[in-house]
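User: Please take a close look at one part of this model, the open sheet and what packs on it. A connected account would suit me best.

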Amino acid sequence: MRLKKRLPVGIEFYKDMIDKSYYYVDKTLIIKDLLDGGGGVNLFTRPRRFGKTLLLHTLQTFFELDMDWKGNVTDNRHYFEGTKIMEEGEEYLRYMGQYPVISLSLKYAKQPDIQMAYKCLTEQIAREFKRHRYVLGADVLMEDEEEKYRALMGQRAQIGEYATSLLFLSECLSNYHGKKVIILMDEYDVPLENAYFEGFYDEMTGFIRSLFESALKTNNCLELAVITGCLRISRESIFTGLNNLEIHSVLSDSFAEYFGFTPGEVCDMLEFYGITEKLHVVKGWYNGYLFGDKIVYNPWSVVNYVKATATHDFEYPRPYWSNTSSNSIIKELVENADENVKSQIEELIAGGEIEKPIHEDITYGEIHQNQDNLWNFLYFTGYLKGVSKRFEANRVYLALAIPNEEVRYIYRNTIESWLEQKQRNCDMEPLYEGICSGDSRKIEEFINGQLAQSISYHDSAENFYHGYMLGLLSFFKGYEIKSNREQGEGRPDIVLKPFVPQKPAIILELKRAQNFGQMDRLCEEALAQIEKRQYTEGLLAEGYQEVMKYGICFYKKNCRVKNGKTEYGK
């Protein structure tokens, strides 16, 4: 099916959006709000894939006095025909195409070591120098300045010169144009997050701090700066002494509607593509974020879902965001969680809420100093949403919840994967020895130890413990595992059939209690069920010489095991 307008999956350049006639959700009024705010340095923090890069390219297209390398000016006015900003009048349109713009993305610094990270950052800076190389030979630079410019452009300069390069480029452009510059920096926190996980955080922090201080603090040629990222990194880390910094986080009411899709924008998109009946699906899976006082949908996931549905390629909701966002923070949380944190994760996945103090100034280096830091990371990166807010002792407390089914899927799948990997790496021999020797206490102790480390958010599901036991037994060598198969007059929960008939066959009957007091009785009932329904008869008839029986009962993260009477063949 051919769409009326193509849907912009992965389109981050504003000019491409307009030139190729993609469906565009008009966010151009951010220009008006920035100008009304009086300039300065603006930091916007939002989760990944919420339109930050596209907005920066929109700002660049609007403000930039766009010139090719020969100094020829490109008129970008037609890119805004029919947009909301054009309706605001000459008061705002007089700023269009008036400023030299420095645009830099720091995402390319996501590299395995500091040398490669530096190389990628300096390469991006060099490209921006090359983009403005029309200043060379225009009699605005001194001989030593032109030499320095060419060295930075050619990646021949020292790393210390790159740390102050944006200030130098600002001065060059300001001298050439006779106007102050606008600086746009995207994904500023990517180098810091990557450096934290790769082990060179301090070195990268030092470089980014120098780059920012020179470009944003001591830059007399600066008219306006807009910086985007996921997290608000503390002033002490990279924004030292930057007094003109205005921070617009997910807690802020200002600019809240410009990142992500509002309910009205989603309804308009669904109507445009003739799938308004899918609103309840989109709402359940991709809505739920609260930025300031605005309800917001995940734009990346909405666009992907609408494209799949409108073209009839795939009409069921999928977790599109999970394939684009790093889950390293969740992994850190789960792997280092104590019993209290695990209990809170279970509460969240079950649809509940937890209340935590929220603070916006954080550093990666502090991630393990306080467990509340981890909840802050999850909140500001989009893995949790704020439900309600209260103030106490000059602190903000938020009731936090999982935003929607898409993010709940990420929690469930990533946690299950990590726990499964943890089980694979665990020594299962004590469990298997206990089962084969009839040592019910040894079995019980092992399973209880495993349950204590798990995230048992399936407590309400009857089949959770059945699947859990199958996972523990999946590496049991020398045995075939049968689950809920016909045997005697019923279906035993789990049967272990040895490949060598001289070894004992094993029957496990599982029960789930409603409280601790039921556990012993239900273990006995499980053993009685094995007898009553003659589960052992078929195994003995097959020629197995010995059949061991266990009644196992679970309640939350507790397990009781009782060994029944072993039966022998003739």
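Analyst: Helix 16 (residues 339-349) lies across strand 8 and strand 10. Its direction makes about 115° with strand 8. The model is predicted, and the angle is computed from it.

A second helix belongs in this picture. Helix 17 (residues 371-380) also packs on the sheet. Helix 17 touches strand 8, strand 9 and strand 10. Its direction stands at about 95° to that of strand 8.

Now the sheet itself. It is open and has 3 strands, in the order 8-10-9. The pairing is antiparallel. Strand 8 (354-358) and strand 9 (385-392) are the edge strands. Each has a single partner strand, so one side of each lacks a neighbour in the sheet. On average, neighbouring strands are turned by 30° against each other, direction ignored.

Next, the pairing of strand 8 with strand 10 (residues 395-401). The two run antiparallel and are joined by 5 bridges. One pairing can be named: Pro357 has Tyr397 in strand 10 as its bridge partner. In general, strands of a sheet pair through backbone hydrogen bonds.

One residue beyond the sheet is worth a look. Arg408 sits in helix 18 (residues 405-425). Its relative accessible area is 12%, and buried means under 20%, so Arg408 counts as buried. Which residues does Arg408 contact, leaving aside neighbours within four places in sequence? They are Leu348, Ile349, Gly351 and Ile402. Of these, Leu348 and Ile349 fall in helix 16, which spans residues 339-349.

Note on methods: Residues numbered from 1 in each chain as written. Predicted model: local features only at pLDDT ≥ 70, side-chain atom pairs only at ≥ 80, totals over all residues. Heavy atoms only, no water. Helix = DSSP H or I, 4+ residues; strand = E, 2+ residues; numbered from the N terminus. Buried < 20%, exposed > 50% of the residue type's maximum accessible area, 1.4 Å probe, protein only. Contact = heavy atoms within 4.5 Å. Pairing = 2+ DSSP bridges. Axes fitted to C-alpha atoms, helices over the stretch in contact; angles between N-to-C directions.
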